[in-house]
Number of protein chains: 4
Amino acid sequence: MPFPAPLRGVVPPVLTPLTPTGRVDTASVRRLTEHLIGAGVHGLFLLGSSGEAAYLTDTQRLTALETAVDSAAGRVPVLAGVIETTTARVLDRAADAARAGADALVATAPFYARTHPVEIADHFRRVREGAGLPLLAYDIPVAVHTRLPRDVVLGLAADGTLAGLKDSSGDEGALRRLLIELRRHAPDFSVLTGSELTVDCALLAGVDGVVPGLGNVDARGYVRLYTAARSGDWAAAKAEQDRLAALFALTEAGDPALMGPGSAALGGFKAAAHLLGLIDCAATAAPQVPLDATAVARVRDLLTEAGLL
Amino acid sequence: MPFPAPLRGVVPPVLTPLTPTGRVDTASVRRLTEHLIGAGVHGLFLLGSSGEAAYLTDTQRLTALETAVDSAAGRVPVLAGVIETTTARVLDRAADAARAGADALVATAPFYARTHPVEIADHFRRVREGAGLPLLAYDIPVAVHTRLPRDVVLGLAADGTLAGLKDSSGDEGALRRLLIELRRHAPDFSVLTGSELTVDCALLAGVDGVVPGLGNVDARGYVRLYTAARSGDWAAAKAEQDRLAALFALTEAGDPALMGPGSAALGGFKAAAHLLGLIDCAATAAPQVPLDATAVARVRDLLTEAGLL
Amino acid sequence: MPFPAPLRGVVPPVLTPLTPTGRVDTASVRRLTEHLIGAGVHGLFLLGSSGEAAYLTDTQRLTALETAVDSAAGRVPVLAGVIETTTARVLDRAADAARAGADALVATAPFYARTHPVEIADHFRRVREGAGLPLLAYDIPVAVHTRLPRDVVLGLAADGTLAGLKDSSGDEGALRRLLIELRRHAPDFSVLTGSELTVDCALLAGVDGVVPGLGNVDARGYVRLYTAARSGDWAAAKAEQDRLAALFALTEAGDPALMGPGSAALGGFKAAAHLLGLIDCAATAAPQVPLDATAVARVRDLLTEAGLL
Amino acid sequence: MPFPAPLRGVVPPVLTPLTPTGRVDTASVRRLTEHLIGAGVHGLFLLGSSGEAAYLTDTQRLTALETAVDSAAGRVPVLAGVIETTTARVLDRAADAARAGADALVATAPFYARTHPVEIADHFRRVREGAGLPLLAYDIPVAVHTRLPRDVVLGLAADGTLAGLKDSSGDEGALRRLLIELRRHAPDFSVLTGSELTVDCALLAGVDGVVPGLGNVDARGYVRLYTAARSGDWAAAKAEQDRLAALFALTEAGDPALMGPGSAALGGFKAAAHLLGLIDCAATAAPQVPLDATAVARVRDLLTEAGLL
């Protein structure tokens, strides 16, 4: 199917379930993606931060992506993260993703390397040209340690290099100004927020959709939130968002003295998905620290409070 | 009058008009504050970042504050920024503010010094106890270079140290989670956002009010936005916010190769207020770089586009 | 006496002793400064970070400075920190310092405010012109959160605005490149390093002197280190520096879970000075967290290991 | 040959010469490495930041490494960077490096992912165990955006996980304290500084060697500097370092308005190596911006001033 222009709706960044020995658990990939599609999501984003892309080998990435594409079977578009330091490496991953059947790519600006806005723009142009698939830019400064400049995004939207933006900058003020410009000049450009705690706000501001890590745990909640917002029922959207924001505390169940925020967040998502029966095993990739029993009990309590257990 | 609990509405961070020779222009302070009150604002915040507090001597601060208190004449509460590096210095400024008749104080965490959350909490407790006025915490990491930890804010709200928070963190996700906790445990606590580009969103999320620098330029717009949101007309609120967000481009009229973002923003606000006749002179305090004629012309165009000229 | 051009040698950033109730302990200021001069230091720097300038009121700053100037009695030059957010405020402190009899001023770039290199240069020019005393720039990004650009320093050295630089950037590579340029073009310009763990290296690289917080605790050690380096005995200089670097562990005696790095460092310096009988009371200014008995015992052990007790 | 314990001396981070069409130029790899060995270097570090590792595909990395190993022919040890985001991916690159014949590996802490010190330590332990080659940690916060905590390095030195550290933190004070601890407890541990502007200082402080990007351009200079320091002739070492520090200006020949600091530095190194006849083509990998003719002329002038042309 042609990639939607713009892509709209709820597009969860799909977890990559692992077996206890650290292999990609393809059966759980299928069960999780089937569950998400059944919940009404509008697309799947594989190999993003919530998919532990940075922790997976190229082979593991390919396995997860191929399985998800096969499971989706054309019912919703599948976006593939191509998380690599620079252009030539991204193109290698893009070739893998194209072979696996992804419908679109999601790439960050270069990281580890220190680049100039001119180089960032050139990077996206080379990736788009070399990869031959619709391309979304992924603005995630907590990982990449630079911001995508507004002028770069606007330029790459205007010339068709980018089909969209996944904004995980957390900078809603900058996003607002970007949206005002984009709505005037690039109506087909898709803006998806990764800020899963303020989706009602982002939809009010004019984004097309959302990529919520927490959507792995409560996809129906995000679909309800999206639907309420689209129908103009902002009170319902806000109530749903408040419930989901309270549930988000599961990303802090792990003890911050014992693990990093990544381990806590990914561990929380996976523990919840496991408790809900969506995946077989809550293991995260090394060297992440697993949640202990106290933390898992806290996740369980939060699922209960949210009405999911 | 007693300080509102919670304080709600539009509380502009009032510019400090200066004469061409750099003195506080008290006549313009009176004209500007009279204009704001006439536009329907719900309070005045003197000596914040938009008030160039960091650039003013203690004497200049006192002059601006006394004049505004006298001008407000009890019609709306006057909040006074007490921007100093640490506790004892804040208390000196708090004594000035009390003498000038301020209704409440707004203080940041310590800056220049490197502090621990325990020290930040102790700082606010000492300021509250020593100053004898309602106290709001000012979370502005772009200036202070630390964030106010959520637990610190919740603790100081619970024990009555803080009457409220002015959130200029730009971190709307963290704010959402804070609001959920505060609404459960501290209903009288006032949360004011300083993120003037996403006020509709913040009000949907549950903040009590807004402290918009741009409110010096279009106070009526922010009052309309606030009123629309309060009445549940989110489409109107969004439209008003979009108009104001486009107008915010006046903070970037100055050439970033020639001046810092502070000079550009403050210069833009003051140029606009001057063009609108609200202040006599657009000068900013040294060593800020003044806008040139090209930049002022750009400000004028934006005011025209926004329907203000 | 005329201010040395360049100023050379060991210039400790003098602690500000406080009484148990938080007043400046002038008797201890006299005892400490007398001790330092007796140990052979080449100048005194009052009201820097080690002097807790950010924590002291204007009155406390003035008291400490006046006492030190009186105690020094012209035997060594007294430099005064004028730590304030921006130009006009620095000039108020500079007037205090001039009245107190300081021989030179030490000012940072603006902080809290966000400034451009052009504004930073203008700031120093205005301070130099307005204050009428020799001026050193203080590069301390851990507090100010910007770096002094090399071109700004070179320009202000060339035109005589700055008499010197106190470099606490910790960026020895940048310092090396600066020194090469300064030695060619500004031979009278004084470069003092605040990096007290690498003084042998900095002297080898060509700095004129050092401003070591640890010099409050072991001034004779730093004077020996300086003398060895000046005589070309680098092995002796290195051995002295290694001993002092081991002693520097006293800045980490406090528990980082209970206090910030500033409390630990200042608390360590003051506990050591107290144990050595140089000051009457180890109290630091609020809201800093005091060292507990365990931490003080650790400081005592380190003093013993270093041969000071 | 067994890997030296500790590794000492000059170990340049070898450039990866490219053809005009972006392929690894193996003939130039051979010529450059032969030149470096002839100049007396004590090891070669392939696939570091100066080797543009972040810009090269896995295939290109392998080609460059195999060629260098073959060229070195056991005369000096060859260290291979294994620059990847996390553990499993590093192990894939480590397998490549082992197959290519590298003598040791150089790995950073995880990047893109956000990790806790416990996870960083576990990462290095897993890499060491899985790879079966001596392992050096690479502390380069400008790329990785975290620092290696001192306690982590000391623990991994004590238990034999790490054979050494390549310190590109630029934090010479922290390095000094680390060296004092290491010299007491881990005498075989190799500390190499990547701070090429302060090598005399670092050798005085006690490091074992240096990994200078500029060593690609003037290897003989760094060997002279190292030899002078080892013989205790610190004046000669300082003079050599000053000459090299002046030459380092070639990393800023590119216009910072047109390119990032990486493009300027790598472009400067490669332009110089090309002008010296060490490599056939100065091209850097996309999306880096090439130096223009003005910048290349500036590089040429600096080479002339340094006595290399």
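This is a short talk about how four chains meet in one structure, and about a few residues inside them.

Okay, hi everyone. Before anything else, please keep in mind that this is a predicted model. I'll start with the places where chains meet, then move to salt bridges, and finish with rings and two single residues.

Let's take chains C and B. How many residues does each chain bring to the contact between chain C and chain B? Chain C puts in 47 residues, and chain B puts in 47 residues as well. Together they bury about 3,600 Å², and carbon and sulfur atoms account for 57% of that. On chain C's side, three residues to look for are C:Arg89, C:Tyr112 and C:Arg114, which supply 24% of the area chain C buries against chain B, more than any other three residues.

What holds charges together across that boundary? There are four salt bridges between chain C and chain B. In one salt bridge, the side chain of B:Asp58 meets that of C:Arg89, at 2.8 Å from N to O. So C:Arg89 turns up in two places in this story, because that residue also belongs to the trio I just named. There are also 16 residue pairs in polar contact across the C and B interface, both residues at pLDDT 80 or more. If you want to find chain C's side on the screen, look for helix 2 (58–72), helix 3 (87–100), helix 4 (117–131), helix 5 (141–144) and helix 11 (261–275) of chain C, the elements that each give two or more residues to it. By class, that side has 23 nonpolar, 14 polar and 10 charged residues.

Now turn to chains D and A. Here 47 residues of chain D are in contact with 47 residues of chain A. The buried area is about 3,600 Å², with 57% from carbon and sulfur atoms. D:Arg89, D:Tyr112 and D:Arg114 lose the most area to chain A in chain D, together 24% of what that side buries. Four salt bridges cross this interface, and D:Asp58 with A:Arg89 make a salt bridge at 2.8 Å, N to O. Polar contacts come to 16 residue pairs between chain D and chain A, both at pLDDT 80 or more.

And which chains stay apart? Chain A and chain C do not touch, and their nearest C-alpha atoms are 10 Å apart. Chain B and chain D have no contact either, with their closest C-alpha atoms 10 Å apart.

Next, salt bridges inside chains. Over all chains, the count comes to 100. Have a look at A:Arg243 and A:Glu240, whose closest N and O atoms are 2.4 Å apart. Why are they about one helical turn apart? Because they sit three residues apart in helix 10 (residues 234–247) of chain A. A:Arg243 is partly exposed at 23% relative accessibility, while A:Glu240 counts as buried at 13%.

Chain B has a salt bridge between B:Asp122 and B:Arg126, at 2.9 Å from N to O. These two are four residues apart in helix 4 (residues 117–131) of chain B, so again about one helical turn separates them. B:Asp122 is partly exposed at 26%, and B:Arg126 is partly exposed at 38%.

In chain C, the side chains of C:Glu240 and C:Arg224 meet at 3.1 Å, N to O. C:Glu240 is in helix 10 (residues 234–247) and C:Arg224 is in helix 9 (residues 219–230), so this pair ties together parts 16 residues apart in sequence. C:Glu240 is buried at 12%, whereas C:Arg224 is partly exposed at 42%.

On to rings. The whole structure has 14 aromatic pairs over all chains. Why is the pair of A:Phe45 and A:Tyr138 edge-to-face? Their planes are at 80°, with the ring centres 5.9 Å apart, so the pair gets that label. A:Phe45 is in strand 2 and A:Tyr138 is in strand 5 of chain A, 93 residues apart. Both are buried: A:Phe45 at 1% and A:Tyr138 at 2%. Across chains, A:Phe111, A:Tyr112, D:Phe111 and D:Tyr112 form one aromatic cluster.

Last, two single residues. D:Ser263 sits in helix 11 of chain D. Is D:Ser263 buried or exposed? D:Ser263 is buried, at 0%, and among the residues it touches are A:Glu119 and D:Gln288. B:Val76, in the loop between helix 2 and strand 3 of chain B, is buried too, at 8%.

Methods: Residues are numbered from 1 along each chain as its sequence is written. Chains are lettered from A and ligands numbered from 1 in the order in which they are written. This is a predicted model: local features need pLDDT of at least 70, side-chain atom pairs count only at pLDDT 80 or more; totals for chains, interfaces and linings use all residues. Side-chain values use heavy atoms; hydrogens and water are left out. Buried means under 20% relative accessible area, exposed over 50%, partly exposed in between (1.4 Å probe, protein chains only). Contact means heavy atoms within 4.5 Å. Buried area is the accessible area (1.4 Å probe) that two parts lose on being put together, summed over both. A polar contact is a pair of N or O atoms within 3.5 Å; within protein, one must be able to donate a hydrogen and the other to accept it, and residues adjacent in sequence count only if both atoms are side-chain atoms. Ala, Val, Leu, Ile, Met, Phe, Trp, Tyr, Cys and Pro count as nonpolar, Asp, Glu, Lys and Arg as charged, and the others, Gly among them, as polar. Rings of Phe, Tyr and Trp (its six-membered ring) pair if their centres lie within 6.5 Å; planes under 30 degrees apart count as stacked, over 60 as edge-to-face and the rest as tilted. Lists of a residue's contacts leave out its neighbours within four places in sequence.
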